[in-house]
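Below are some notes on the model, set out as numbered points. Please read them with the structure open.

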Protein chains: 2
Amino acid sequence: APPSLRGLFTTEEMQTAHKLRDLALRDNRSYEMLERLTTEVGARLAGSEADLRAVNWAVAFMQSLKLDKVWKEPVQYPVWERISESASVISPFPHKLQITALGHSISTPEQGIQAEILRVADLAALKALPAGAAQGKIVFIDHKLRKSAEYGDVASGRSRGASEAARKGAVALVIRSVGTDSHRLPHTGVMHYDDGAPQIPAAAMSNPDADLLNRMLQRGQPVKLDLRLQTRSAPDFTSYNVIGEWSGTELPDEYVLIGGHLDSWDPGTGALDDGAGCMITAGALDCLIRQGLRPRRSIRLVFYANEEQGLLGGKAYHTAHQQEISRIQAASEADSGQGPVKRLDSRVRPEALGIVRQMQEVLAPLGVAAGGNQAHPGPDMGVLHDAGAASFGLSMQADDYFDYHHTADDTFDKVEPARIRQSCAAYAVFAWMAAQSPLHFGSGPALKKS
Amino acid sequence: APPSLRGLFTTEEMQTAHKLRDLALRDNRSYEMLERLTTEVGARLAGSEADLRAVNWAVAFMQSLKLDKVWKEPVQYPVWERISESASVISPFPHKLQITALGHSISTPEQGIQAEILRVADLAALKALPAGAAQGKIVFIDHKLRKSAEYGDVASGRSRGASEAARKGAVALVIRSVGTDSHRLPHTGVMHYDDGAPQIPAAAMSNPDADLLNRMLQRGQPVKLDLRLQTRSAPDFTSYNVIGEWSGTELPDEYVLIGGHLDSWDPGTGALDDGAGCMITAGALDCLIRQGLRPRRSIRLVFYANEEQGLLGGKAYHTAHQQEISRIQAASEADSGQGPVKRLDSRVRPEALGIVRQMQEVLAPLGVAAGGNQAHPGPDMGVLHDAGAASFGLSMQADDYFDYHHTADDTFDKVEPARIRQSCAAYAVFAWMAAQSPLHFGSGPALKKS
Ligand SMILES: [Zn+2]
Ligand SMILES: [Zn+2]
Ligand SMILES: [Zn+2]
Ligand SMILES: [Zn+2]
């Protein structure tokens, strides 16, 4: 143990944590809560009428958990929605393709765009093209996601490909879906237009469709597509972060932040992304409450608005709470599916690492490995992390997550109760131990540099 | 051995069969042929322009195999096509559903049909309802396909549900897709309207959507749908069975029939149903030809038109060739995916069972079990079987076939070269041994009764 260690949990507290873990592991409520969200609300595209339906549902839901406080905080963002989308190969062989507009894409003309494709292996290959190389063409980024760990790299083609392609003269962008599956269900996701670059329409096709284009290209003939996207944008929409608090006994103004994002993409019902994260954390808090556990510090459950289109909820939370960074005992968002949790990382001051090890000791029987001290707390809480909040990462098994991510297939039938229960148990232990900790975890300017 | 056994293959012939099997097993041409069909033609809905494109492609393809004769025989049928299809839950919770019109379904009114659903477990439960029980409702047949063997039973709800529902007063039919998967890709397939029953629109939803409806129904509230189908029918279309022949030496007027159906449903590219069957059998014949094997009898490769909408190609073949039943040495169609072949069944006169056992001996190292003597030769050849043709069944492993069957997911990426090679080897052995057989297999009136 490091010499600076100044506090640890008592034997009695450790027993409470073990008991909480074991009870949560047998509790199916996170799963049932997720069933309710995906059935009673369904798809929750930010900026749609379903966004506000979801907010109202979430407020009533949190109230039903008997939290001490439930409130909403406004989040503003523009509206984007898909109206229609279709694509086909015109030549050398006619085929219909399964495509989806990328979030924030502009429309094509109503009569569509008909042009030859130019295949590039990935975003780097696109950037390396000479000026004008894609003049009049539809750039096709064919970057295949082989495993979850490559997501950030492969998704850069989705988020930044259109502007890069436009700078090379392209009239549209199509990408191979950023997904690990082989089904005819394209994966959507957000994209951004760089200031100054021409705006061109952008869509993703399913992996089997990308395979088909490759087979045509291997014949050495030009491949010509007809791409038709109709989307709609509008400037102002107000939604809400939905927040509930279970107040602490000794230090109620300090709090542990857990939660997920309430918005989803529109093709599926956001069961895994991120209904699961919301309900794993809600179920964890519910376990504490039903066992009558009131830790020293408060626990806040946050369902963020509009993570998908640019972390808008996370940024709004930070703006509204930037004076409270030092009062955030710990932050950890669940946004990588249903679990199980495989590793616990922290980012705390060194003096608190003994506490982290005690957490890891309680979580070890769940199959949770001990990680390092450079945790990231997830997308919406990333802003707080960057501002110096002590952070935890409960890394989840994600080998099938990107099979379903951002597709019509992200539905409740993919959820396995045992995986959700383990994740709920891990979050319950984390939340209670972080809130009950004898030590502050060090949020503030010092941690910001670490 | 039965006392009536009058002929067996010579040792030399058996060696040829072993060699053919081993060479075919290392030959990837069936796979490559299937790549060509699915890439260069794609979806092949009977009655569409793609139907005729496929026929032209198939004629050129068979010519490239250096067969002795290639010809087309006309097949007439009406046109049916889908124009648009959508459905949503209106209440208690709004959701978009993933649905597909069933083949031959009429349209809904343009403004759709809005009505409450009445769930029934299966077709039998629908039939058992009292008169008028479904008055004004959309009947929802919720029969789940759990394994391939149940296909015939479960598919009866698809083919016959609409007329049964209409007789109980229903305004439309929706069914749980007849598929073993859990993806948001509905399974289409043909349906029939009974004479005298009112015609109502009919569609299938994906399995996850059917699960969703069940979760809503479990809440005890009425579930109301909005169903919109636009389809089109036209009376007369002429397509073709495409036939190629490799002529025999001693008995060229007797022939072994192998093949598959060339048409497919429109959402996918008919890779497994039934591009695989066409190309497994084409590849098998191609192996024979390239090895310079000319058996005693001829081998005919038939790519049937429009199996999907009522065995139209099979019926036309029978009509055109009904005087030749006794000259069909053996018939076996491949129409259950990519294999591997797991069992060889026959329906031959008892005197020929020794030959069948020799076939089974050659196929045993491929993992092909010996079956019985009540084989069915597949859908299009079923009419010939019923007319007394000696028949063989090369049963294929089908545990994943109904994951993809009749969906957008029936695409080339699902095909595994090793499975296709094994199936090709089994068909090559079967075709050559049947055509080379020292005995006639007994097609004719006597076999008809067996
Ligand atoms: Zn997410
Ligand atoms: Zn997401
Ligand atoms: Zn078929
Ligand atoms: Zn079929």
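1. B:Asp273 and B:Glu308 are both buried. The model is a predicted one, and these two residues are a convenient place to start on its metal sites.

2. The zinc ion (ligand 4) takes its protein donors from B:Asp273 (OD), B:Glu308 (OE), B:Glu308 (OE) and B:His406 (NE2), at 2.0 to 2.5 Å. Along the chain these donors are spaced as D-x34-E-x97-H. B:Asp273 belongs to helix α7 (residues 271-290) of chain B, while B:Glu308 sits in the loop between β10 (297-304) and α8 (312-321) of chain B, so the pair ties together parts 35 residues apart in sequence.

3. The arrangement around ligand 4 is irregular because its 4 donor atoms subtend angles of 57 to 143°. A tetrahedral label would need all angles between 85 and 135 degrees.

4. B:Asp273 also coordinates the zinc ion (ligand 3), which lies 3.3 Å from the zinc ion (ligand 4).

5. In chain A, the zinc ion (ligand 1) is held by A:His261 (NE2), A:Asp273 (OD) and A:Asp335, the last listed with two OD entries, at 2.1 to 2.5 Å. The spacing here reads H-x11-D-x61-D. A:His261 is in strand β9 (residues 251-261) and A:Asp335 in the loop between β11 (328-333) and β12 (341-347), 74 residues apart. Both A:His261 and A:Asp335 are buried.

6. The zinc ion (ligand 2) is 3.3 Å from the zinc ion (ligand 1), and A:Asp273 coordinates both.

7. How are the two chains related? A turn of 180° with a shift of 0.0 Å along the axis lays chain B on chain A with an RMSD of 0.0 Å, which is the relation of a two-fold axis. The same surface serves both copies, as 100% of the contact residues of chain B recur in chain A.

Conventions:
Residues are numbered from 1 along each chain as its sequence is written. Chains are lettered from A and ligands numbered from 1 in the order in which they are written. This is a predicted model: local features need pLDDT of at least 70, side-chain atom pairs count only at pLDDT 80 or more; totals for chains, interfaces and linings use all residues. Side-chain values use heavy atoms; hydrogens and water are left out. Donors are N, O and S atoms within 2.8 Å of the metal (3.2 Å for Na, K and Ca); water is not among the atoms, so sites may look incomplete. Helices (H or I, at least four residues) and strands (E, at least two) are DSSP runs, numbered from the N terminus. Buried means under 20% relative accessible area, exposed over 50%, partly exposed in between (1.4 Å probe, protein chains only). Copies are superposed by least squares on the C-alpha atoms of residues with pLDDT of at least 70 in both. Contact means heavy atoms within 4.5 Å. Four donors count as tetrahedral if all angles lie between 85 and 135 degrees; four count as square planar and six as octahedral if opposite donors are over 155 degrees apart and all others between 65 and 115; anything else is irregular.
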